[in-house]
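Trainee: I should like to examine this structure through a series of questions. Please reason from the coordinates in each reply and close on the value or name requested.

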Amino acid sequence: MDDYFAVFELPRKLTVDGEALRRRFYELSRVHHPDFHQAADDEAQAATLARSALVNRAYRALRDPIARVEYLIALEEGRDTREGATGRPKAPRDLLEEMLEVQEALEEARAGELDGPARERLRGERERLAARRQAEEDALVGRAAEWDAALDAGGDRQALLTWFKERLAARAYLRTVIDDLSEALGEDQAQHVSHRRH
């Protein structure tokens with residue numbers, strides 16, 4: 001698995017100077033841009049193209065704080081992608097129980113036409129869950145410094161890693177339910193982007 005932090009010569013930390021990252025991205029993009037290597041042989045051009053693609057992937061993964069957490073967890077576990085996880089943590093039990101009523105409302109919506117009150121109820125649930133998802137994201141970003149400090153101290157980060165995985169699982173579950181609510185309402189996701197970070 002490519003180490004995107006190494007691409008930018010950064011330690012595996014969750015706190016990143018966004019402006020410095022952007023400047024370095026532009027520097028590396030210029031260095032590895034295929035247009036500047038047209039005189040090279042085919043092998044060298046292919047290597048340049050691959051390096052340019054790597055820089056782009058690394059920047060996309062590291063510029064967003066949530067994507068950074070997802071990537072770092074995959075990197076720590078030696079996975080190629082976040083989808084490659086084995087024994088993925090499930091959403092917290094209390095969240096699953098809380099969602100039972102929402103799922104029932106969704107089933108009713110799918111079974112027939114939505115009247116005004118039912119539609120408003122689903123919209124209200126969607127807004128509530130979007131706020132909760134935002135809270136999950138704020139919590140994830142809020143513990144970034146704790147991870148970095150543990151890394152600097154050489155401490156055990158397993159408990160923190162597990163916590164990050166659980167919060168990401170909750171966030172993913174919330175996103176799915178929010179999408180299901182939008183689908184049941186027949187409303188385009190673009191009209192309700194507040195719950196989507198990327």
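Trainee: How many helices and how many strands are there in the protein chain?

Mentor: This is a predicted model, in which local features need pLDDT of at least 70, side-chain atom pairs count only at pLDDT 80 or more, and totals for chains, interfaces and linings use all residues. Residues are numbered from 1 along each chain as its sequence is written, and side-chain values use heavy atoms, with hydrogens and water left out. Helices (H or I, at least four residues) and strands (E, at least two) are taken as DSSP runs, numbered from the N terminus. Along the sequence the pattern reads α-α-α-α-α-α-α-α, and the count is eight helices and zero strands.

Trainee: What percentage of the residues in the protein chain is buried?

Mentor: Buried means under 20% relative accessible area, exposed over 50%, and partly exposed in between (1.4 Å probe, protein chains only). The protein chain has 198 residues, and the buried share of them is 38%.

Trainee: Among contacts with a separation of 6 or more, what percentage comes from residues 24 or more positions apart?

Mentor: A contact here means heavy atoms within 4.5 Å. For the protein chain, the share of such contacts made by residues 24 or more positions apart is 72%.

Trainee: Which residues of the largest nonpolar core touch the most other members?

Mentor: A nonpolar core is a set of buried Ala, Val, Leu, Ile, Met, Phe, Trp, Tyr and Cys residues joined through side-chain atoms within 4.5 Å. In soluble globular proteins, nonpolar side chains tend to be buried together. The largest core has 29 residues, and those touching the most other members are F8 and F164.

Trainee: Which elements give two or more residues to this core, and which residues does a second core include?

Mentor: The contributors of two or more residues are α1 (4–7), α2 (18–31), α3 (42–63), α4 (65–77), α7 (144–153) and α8. Beyond its neighbours within four places in sequence, F164 is in contact with L14, V69, I73, L140, R143, A144 and W147. A second, separate core has 17 residues, including V102, L122, I178 and L185.

Trainee: Where is the kink in α5 centred?

Mentor: Helix α5 (residues 93–111) has 19 residues and spans 27 Å from first to last C-alpha, close to the expected 27 Å; the expected span is 1.5 Å times one less than the number of residues. The bend at a residue is the angle between axes fitted to the seven residues ending there and the seven starting there. By that criterion α5 has a kink of about 35°, centred on L100.

Trainee: Which helices are among those covering the buried residues of α5?

Mentor: The buried residues of α5 are L95, M99, V102, A105, L106 and A109. Their cover includes α6 (116–142) and α8 (158–185).

Trainee: With which residue does R93 form a salt bridge?

Mentor: A salt bridge is a side-chain nitrogen of Lys or Arg within 4 Å of a carboxyl oxygen of Asp or Glu, and the structure holds 21 of them. R93 is exposed at 64% relative accessibility, while its partner is partly exposed at 46%. The two lie four residues apart in helix α5, about one helical turn. At 3.2 Å between the closest N and O atoms, the partner of R93 is E97.

Trainee: Which residue of helix α8 forms a salt bridge with E137?

Mentor: Within helix α6, R133 and E137 are four residues apart, about one turn, and their side chains meet in a salt bridge at 3.6 Å, N to O. R133 counts as buried because its relative accessibility is 1%, and E137 likewise at 2%. E137 also forms a salt bridge with closest N and O atoms 2.8 Å apart, which links helix α6 to helix α8 across 34 residues of sequence. That buried partner is R171.

Trainee: Which residues does E136 contact, leaving aside its neighbours within four places in sequence?

Mentor: E136 is found in helix α6. This residue counts as buried because its relative accessible area is 7%. Its contacts are R167, A170, R171 and L174.

Trainee: Which backbone nitrogen does the side chain of D64 reach?

Mentor: D64 is found in the loop between α3 and α4 and counts as buried at 15% relative accessibility. At 3.0 Å, the backbone nitrogen reached by its side chain belongs to I66.

Note on methods
A polar contact is a pair of N or O atoms within 3.5 Å; within protein, one must be able to donate a hydrogen and the other to accept it, and residues adjacent in sequence count only if both atoms are side-chain atoms.
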